[in-house]
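Reader: Could you walk me through a few local features of this one? I'd like the cut-offs stated as we go.

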Amino acid sequence: MEGDSGVRSHCCFCSMQCAVRLEAKPSGEGLDLRPDPGFPVAGGRLCQKGFHAHLHVSHPERLTTPLVRRRGGFAAVSWAQALEEAAARLQSIQGRYGAGAVGVFGGGSLTNETAYLLGKFARVALRTPFIDYNGRYCMSSAAAAMNRSFGLDRGLTNPLDDIPAADIILLVGANVAECQPTMMSYFRRAQKRGGRLVVIDPRETATARVADVHLRIRPGTDWILMNGLLRAMIAEGWIDEDFIARRTSGFEAVREAAAPYTPERVEARTGVPAGVVVDLARQFSLAPRGMIFTARGVEQQVRGVDNVQACINLILATGKIGRPGCGFGAITGQGNGQGGREHGQKADQLPGYRSIEDPAARRHVARVWGVDERDLPGPGTSAFEMFQQMTAGRIRGLLILGSNPVASSPHRSLVRRALASLDTLVVIDILPSETARMADILLPGSAWTEQEGTTTNLEGRVILRRQATSPPGRARLDWRILCDLAAALGKGRHFSYSCAEEIFHELRRASAGGEADYFGITYERIERENGVFWPCPDLDRPGQARLFADRFAHPDGRARFFPVSEEGRRPEQPDMEYPFYLTTGRVVDHYLTGTQTRRTERLVRRTPGPYVEIHPETAAAFGIGDGERVRLRTRRGKAEYPAKVTDRIRPDTLFVPCHWEGDECVNQLTDDRLDPISRMPSFKCCAAALEKVGAEHTTSKGEDVHAFSGLREERSSAHSV
Ligand SMILES: Nc1nc2c(c(=O)[nH]1)N[C@H]1C(S)=C(S)[C@@H](COP(=O)(O)OP(=O)(O)OC[C@H]3O[C@@H](n4cnc5c(=O)[nH]c(N)nc54)[C@H](O)[C@@H]3O)O[C@H]1N2
Ligand SMILES: Nc1nc2c(c(=O)[nH]1)N[C@H]1C(S)=C(S)[C@@H](COP(=O)(O)OP(=O)(O)OC[C@H]3O[C@@H](n4cnc5c(=O)[nH]c(N)nc54)[C@H](O)[C@@H]3O)O[C@H]1N2
Ligand code: SF4
Ligand SMILES: [Mo]
């Protein structure tokens with residue numbers, strides 16, 4: 001059968017991990033890629049990024065040889081020379097300033113095997129506490145809230161197949177149609193059955209356009225809306241008292257915290273009309289089955305954990321979890337954003353979601369790694385805080401694998417300063433990203449088609465990519481580079497593997513007994529069963545697709561409510577000087593910092609560059625025409641973009657996509673204040689000023705500007721429910 005030929009793999013981009021088949025072109029040059037209808041998750045669908053996901057792999061700018069910075073630029077060197085120099089420089093830093101003077105920064109696009117190995121590399125080869133990764137900018141708020149409430153963080157608590165049974169679905173700060181396009185078919189199936197799709201987003205996104213209801217909420221106010229919904233449910237007697245009594249604890253404090261949020265107060269704060277609040281509360285609680293999904297729109301906020309928590313409180317109060325059509329989900333972002341957060345890339349974490357501060361966890365992992373438990377370092381600090389450690393001179397050497405933090409971190413100028421202050425920066429990448437170009441030692445790694453390994457999709461389904469090609473030139477497999485570097489550091493005996501599967505077997509043992517238990521999963525099972533869900537402790541039993549049917553993961557089996565109240569950080573608010581909300585996010589054609597998709601001609605043709613979305617009223621007040629250049633300023637910096645005048649955004653809000661580097665990078669502007677629990681930066685909400693380029697002196701200030709300050713009351717354009 002034609003469908004059976006080719007190497008089985010999964011798209012490198014988003015967390016849907018759609019299945020593909022890869023085959024060498026008949027000419028021998030490059031690869032053919034086609035969807036694989038034999039794999040269930042996306043039913044043989046791919047989005048436009050997926051159809052082109054193999055093209056950047058053979059781009060002429062691929063890094064193919066180790067490079068070392070010499071006076072006047074990069075010089076090509078042998079692997080032996082590059083590894084020796086990297087090891088010597090990192091060791092000399094550690095010799096002078098201690099083990100913790102070298103840090104490690106990872107990524108959620110890496111395979112489970114590589115992510116696991118990177119965590120082990122930091123703790124065993126470098127013995128540094130300082131490791132964190134780009135998933136901190138992505139999943140950390142959801143992870144923290146889910147851990148607190150459920151005792152476990154798995155993005156979706158249900159398999160995707162449970163979605164079509166829902167009668168009502170809330171998508172909160174999630175633009176699925178552009179970010180996980182093939183997931184939309186699950187929502188469409190629910191809608192065909194009569195289910196209602198409600199989208200809560202300051203912008204009328206492609207997702208909002210197919211929804212039954214769109215609430216154009218004021219940025220940063222979702223927890224207020226959720227409190228208002230809960231208050232209405234309580235007031236009307238629509239909550240599930242039986243579920244609350246049997247399966248949860250802590251409800252009283254939440255009832256109290258929600259009490260002040262009358263529909264009128266919610267309207268004034270969020271812009272969602274009072275009547276809509278009550279209608280939505282009724283519809284959600286009285287629907288037999290309902291689900292809530294969050295994504296970065298509410299999570300990348302200084303109150304990201306609270307926003308997710310407030311959504312979870314609604315799920316628990318209505319008893320909508322653990323059944324088909326019922327559940328909570330934080331929609332994971334990166335290809336391996338799920339697996340990448342489970343096995344040790346996080347500052348406080350050992351494999352299998354174990355805590356690095358738990359003595360039993362340390363003993364278990366030290367035994368698997370063959371090291372003395374006392375030699376395992378303690379917890380480090382979060383991703384952005386590592387850059388602050390660099391500017392303070394405490395971290396002096398850094399290894400980055402699979403991330404482009406210069407472009408993806410908030411407050412770009414601080415991050416650039418931090419990396420420039422290092423004695424040594426070692427980067428392993430496949431392409432010359434903005435971060436890679438700052439390296440002292442730049443090592444050529446492997447792209448997704450070149451390495452075998454597992455990833456874990458947004459459902460918690462562990463899947464397998466097979467190797468279809470070899471790395472180009474002298475580029476090497478990522479995991480092999482880590483082993484080679486460990487050997488150069490004199491730790492080779494802890495890092496001798498002959499293939500990725502051998503690393504996976506060690507990961508299985510390291511995770512065994514942990515929350516994210518992979519022990520029962522093997523490559524052979526994954527292929528036979530079209531992926532295996534975790535937790536899966538037994539080789540001969542299926543993994544758990546649907547969580548929390550009978551009990552939650554806390555020792556007493558109960559879920560926890562947590563109150564969300566006025567206490568807490570406020571996002572930077574618009575004022576006279578910076579009168580707009582600035583928010584950032586994605587477009588369908590590009591992926592993250594764009595190092596891959598901006599090198600794919602067909603995607604660039606569709607979306608060639610960044611822009612700022614501006615409401616027509618706002619544009620008119622500032623004399624800005626569509627396509628004209630405007631300048632945005634925040635307390636961190638300024639940047640210029642062409643205006644995209646559209647009524648699909650609130651008049652008090654501006655939006656810039658985040659896929660560009662350098663002068664076009666929106667993180668020149670974003671706020672680096674962090675959520676106090678998750679340490680997530682505030683990518684989705686800060687205050688900004690707008691001016692037309694060339695009209696700096698004529699731009700109206702004062703009253704006109706104040707009209708857009710978001711401080712005024714403004715009705716949202718929400719449709720009635
Ligand atoms: N095409 C494409 N797909 C991707 C990616 C990509 O780069 N490109 N990246 C992947 C990754 S890593 C991730 S994390 C996911 C991200 O997936 P999403 O989180 O869905 O995408 P974003 O565009 O970052 O943000 C979603 C929406 O949040 C809205 N928003 C902003 N502020 C607020 C607010 O205060 N409240 C509410 N309710 N909404 C708000 C924005 O208008 C935006 O439409 O996508 C994954 N898929
Ligand atoms: N303003 C703003 N900023 C944001 C966000 C936002 O919404 N707004 N979103 C945040 C989110 S959710 C995320 S996830 C981060 C992501 O931020 P980053 O991780 O910095 O973004 P990527 O572009 O994925 O960078 C991955 C790098 O690794 C390389 N790479 C990819 N695959 C491999 C591999 O297999 N091996 C090797 N060796 N290298 C590889 C790529 O070439 C690229 O240089 O950005 C965050 N930044
Ligand atoms: S939906 Fe996501 S995984 Fe599927 S093809 Fe598109 S980018 Fe790739
Ligand atoms: Mo992400």
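Author: A positive surface patch is made up of Arg-45, Arg-188, Arg-189 and Lys-192; patch residues have over 30% relative accessible area and no salt bridge, with like charges joined within 9 Å. This is a predicted model, in which local features need pLDDT of at least 70, side-chain atom pairs count only at pLDDT 80 or more, and totals for chains, interfaces and linings use all residues. Residues are numbered from 1 along each chain as its sequence is written, and side-chain values use heavy atoms, with hydrogens and water left out.

Reader: Is Lys-192 buried or exposed?

Author: Lys-192, in helix α6 (residues 184-192), has a relative accessible area of 73% and is therefore exposed, where exposed means over 50%, buried under 20% and partly exposed in between, with a 1.4 Å probe and protein chains only.

Reader: Switching topic, which residues of strand β13 are buried on its two sides?

Author: In β13 (residues 327-330), Gly-327 and Gly-329 are buried on one side, and Phe-328 and Ala-330 on the other. The strand pairs with β12 (residues 290-294) in the parallel sense over 4 bridges, pairing being counted if DSSP finds at least two bridges, and Met-291 stands opposite Gly-327.

Reader: And the backbone, what is phi at Gln-17?

Author: Phi of Gln-17 is near 55°, a positive value in a residue other than glycine, and this residue lies in the loop between β1 (7-10) and β2 (19-24). Its relative accessible area is 1%, so Gln-17 is buried.

Reader: Which residues does the cis peptide bond join?

Author: Trp-534 and Pro-535, with omega about 0°.

Notes:
Chains lettered and ligands numbered in written order. Patch = residues over 30% accessible without salt bridge, like charges linked within 9 Å, V, L, I, M, F, W, Y side chains within 5 Å. Areas by Shrake-Rupley, 256 points an atom, 1.4 Å probe, with all protein chains shown as cover. Salt bridge = Lys/Arg side-chain N within 4 Å of Asp/Glu carboxyl O. Lys, Arg positive; Asp, Glu negative; His and termini not counted. Charge placed at Lys NZ, Arg CZ, Asp CG, Glu CD.
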